[in-house]
Amino acid sequence: MWELVRIAVLSISGTLVFIHVVKNFFGGGYCAHSKEKLDGKVIIVTGANSGIGKETARYLAARGAEVILACRDRVEGRQAVREIKRKTLNRSVRFEKLDLSSFESIFDFVNRFRLRGSELHGLCNNAGVFHVPYQLTEDGFDLTLQTNYLGPFLLTFLLLDILKESAPSRIVNVNSEAHTFPKSLDVGTLTKHYTEEDQYDKFLAYGTSKLCLLLFSSKLAKLLAGTGVIVNSANPGNVRTNIFRHFPVIRDLPAWSFSRFLVWLTFKNPAQGAQTSVYLLTSPQVFVTGRYFSKCSEDKPSGLAKSLELEEELWEATLEWLRPFLEKHGIM
């Protein structure tokens, strides 16, 4: 009998060790080991009311930074501020309303920030949407494209002068392996308006928006060379966050199903997902710019993401798309 108990205990122990090893392998562990103090540093994190963004903000606040949680949801944003303050004992954490699907919201956010006369040492473009149905924003663009690319582009563009004046400073654009989904990119069709008869591919729309963000990061890094502002992209991997709220294949998995267990086993938690962003925002070992990182190490983006021709074409097209909004506010 005791032999059977011993065998059972060894089997359970072995299974638990195996699960631990597999989970750590997929989770990527915790690689942002720098304990660099950030006292006096001001950093904006978009979409910081939950998930990766909230964990990124928490890490930064724990190191003494003044952190602005730029979020669409006031209730969740303020709740996240209270939670981060309680956990880090850092009182310099605040919420600011920001909806990346609205250019007016972005302008209002930037104007409020300017009125405070603050420096800006870091901008983490973390907020994004995934697998949402096709819909146009109030500005006339696809919601996925605007939230994941045009909004971060405009926000960054409007804050560039402050980032340069506050240098050394850093911009981190949170990207995704999904940038490899598109096998081609026709810049001229990015602002196409779909009809009910058209086939809108939600996966492809997401991947395309992330490819655009990666091309933007590369171009911006070149334009900022020598200014003391570095720009890099962070791939957090597959992370269990509410970004999957529009994706029923994962959202609606039964609590005790094997599929739900596999997601738990192979997806990162938000703290693990935040590691590369935190590393790029804080580590004194990051000197490069215009690169793509995963698990706190430089990674290779897709071939399309390295196209200088696409980079230039997209940059010029984006400025044209934004021109009416920039001219309205006397910027161009």
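This text follows the aromatic rings through the structure and then turns to two charges that sit over rings. The model is predicted.

Start with the total. The model holds 16 aromatic pairs. One of them joins Phe-130 and Phe-203. Their ring centres are 5.8 Å apart, and 70 degrees separate the planes. That makes the pair edge-to-face, because the angle is over 60 degrees. Where do Phe-130 and Phe-203 lie? Phe-130 is in the loop between β4 (122-125) and α5 (143-165). Phe-203 belongs to helix α6, residues 202-223. The pair therefore ties together parts that are 73 residues apart in sequence. Phe-130 has 8% relative accessibility, so this residue counts as buried. Phe-203 is partly exposed, at 36%.

Now move to Phe-153 and Phe-216. Here the ring centres lie 4.6 Å apart. The planes meet at 35 degrees, so this pair is tilted. Phe-153 sits in helix α5 and Phe-216 in helix α6, so the contact ties together parts 63 residues apart in sequence. Are these two rings' residues buried or exposed? Phe-153 is buried, with a relative accessible area of 0%. Phe-216 is buried as well, at 3%.

Phe-153 and Phe-216 also belong to a cluster linked by ring pairs. The other members are Tyr-149, Phe-157 and Trp-315.

Charges come last. The charged end of Arg-58 sits over the ring of Tyr-59, at 5.0 Å from the ring centre. Lys-192 places its charged end over the ring of Tyr-194, and there the distance to the centre is 4.7 Å.

Key: Residues are numbered from 1 along each chain as its sequence is written. This is a predicted model: local features need pLDDT of at least 70, side-chain atom pairs count only at pLDDT 80 or more; totals for chains, interfaces and linings use all residues. Side-chain values use heavy atoms; hydrogens and water are left out. Rings of Phe, Tyr and Trp (its six-membered ring) pair if their centres lie within 6.5 Å; planes under 30 degrees apart count as stacked, over 60 as edge-to-face and the rest as tilted. Helices (H or I, at least four residues) and strands (E, at least two) are DSSP runs, numbered from the N terminus. Buried means under 20% relative accessible area, exposed over 50%, partly exposed in between (1.4 Å probe, protein chains only). A charge sits over a ring if NZ of Lys or CZ of Arg is within 6 Å of the ring centre and within 35 degrees of the ring normal.
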